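Q: Could you take me on a close look at the largest pocket of this protein? I would like to know which residues line the pocket and what surrounds them.

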Amino acid sequence: MRPFTLNYALPTGRSAVTAAYHFDVSLQLNVLPDGRPAVSDRALLLASGTTTSTAGSQTHFDD
């Protein structure tokens, strides 16, 4: 069964935006092309905005 919201939530085409970083599995971090952690680039952080997650706070008592 396909959830109803997936009919509308999936993108219809490829995004023209390319990320200035990639996820490094061994470091478990987003890294820049020169190997620095993406979090160290202030301009990138300001341009990309922020995200918030409350999942940990709702599922773990020690957060």
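A: Happy to. Tyr 21, Leu 29, Asn 30, Ala 38, Val 39, Leu 44, Leu 45, Ser 48 and Gly 49 form the lining of the largest pocket. Two elements each contribute two or more residues to that lining: strand β2, spanning 29-31, and helix α2, spanning 42-48. Helix α2 gives the largest share, with 3 residues. Please keep in mind that this is a predicted model. The pocket has a volume of about 180 Å³.

What is the chemical character of the lining? The lining residues divide into 6 nonpolar and 3 polar, with no charged residue among them. Leucine 29 is one of the lining residues, and it makes a good place to stop for a while.

Leu 29 belongs to strand β2. Is Leu 29 buried, exposed or partly exposed? Its relative accessibility is 37%, and because buried means under 20% and exposed means over 50%, Leu 29 counts as partly exposed. Once neighbours within four places in sequence are set aside, Leu 29 is in contact with His 22, Phe 23, Asp 24 and Pro 37. Strand β1 covers residues 22-24, so three of those partners, His 22, Phe 23 and Asp 24, carry numbers that fall in β1. Val 39 also lines the pocket; the C-alpha atoms of Leu 29 and Val 39 are separated by 8.8 Å, with their positions 10 residues apart along the chain.

Just before Leu 29 comes the loop between β1 and β2, where Gln 28 lies. Gln 28 has a phi near 60°, a positive value in a residue other than glycine. For context, most residues other than glycine have a negative phi. Gln 28 is also exposed, with a relative accessible area of 54%.

On the other side of β2, the loop between β2 and α2 holds Asp 41. Asp 41 is partly exposed, its relative accessible area being 22%. Not counting residues up to four places away in sequence, Asp 41 touches Leu 32 and Arg 36. From C-alpha to C-alpha, Asp 41 and Val 31 are 9.8 Å apart in space, and they are 10 residues apart in sequence.

Arg 36, which Asp 41 touches, leads to another acidic residue. Arg 36 forms a salt bridge with Asp 34, and the closest N and O atoms are 2.9 Å apart. A search of the whole structure finds 1 salt bridge. Of its two partners, Arg 36 is partly exposed at a relative accessible area of 37%, whereas Asp 34 counts as exposed at 53%.

Finally, it helps to set the pocket in the whole protein. The protein has 3 helices and 2 strands, and from the N terminus on they run α-β-β-α-α. Of its 63 residues, 6% count as buried. The exposed area is about 6,000 Å², and carbon and sulfur atoms supply 59% of that area. Among contacts with a separation of 6 or more, 3% are between residues 24 or more positions apart.

To bring the pocket back into view: β2 and α2 each give two or more residues to its lining, α2 gives the largest share, and the lining holds no charged residue.

Conventions
Residues numbered from 1 in each chain as written. Predicted model: local features only at pLDDT ≥ 70, side-chain atom pairs only at ≥ 80, totals over all residues. Heavy atoms only, no water. 1 Å grid on protein atoms, 1.4 Å probe; cavity = no way out; pocket = protein on both sides within 12 Å on 5 of 7 lines; lining within 4 Å. Points joined across faces, edges and corners; volume = space filled by probe spheres on them. Helix = DSSP H or I, 4+ residues; strand = E, 2+ residues; numbered from the N terminus. Nonpolar A, V, L, I, M, F, W, Y, C, P; charged D, E, K, R; others polar. Buried < 20%, exposed > 50% of the residue type's maximum accessible area, 1.4 Å probe, protein only. Contact = heavy atoms within 4.5 Å. Areas by Shrake-Rupley, 256 points an atom, 1.4 Å probe, with all protein chains shown as cover. Salt bridge = Lys/Arg side-chain N within 4 Å of Asp/Glu carboxyl O.
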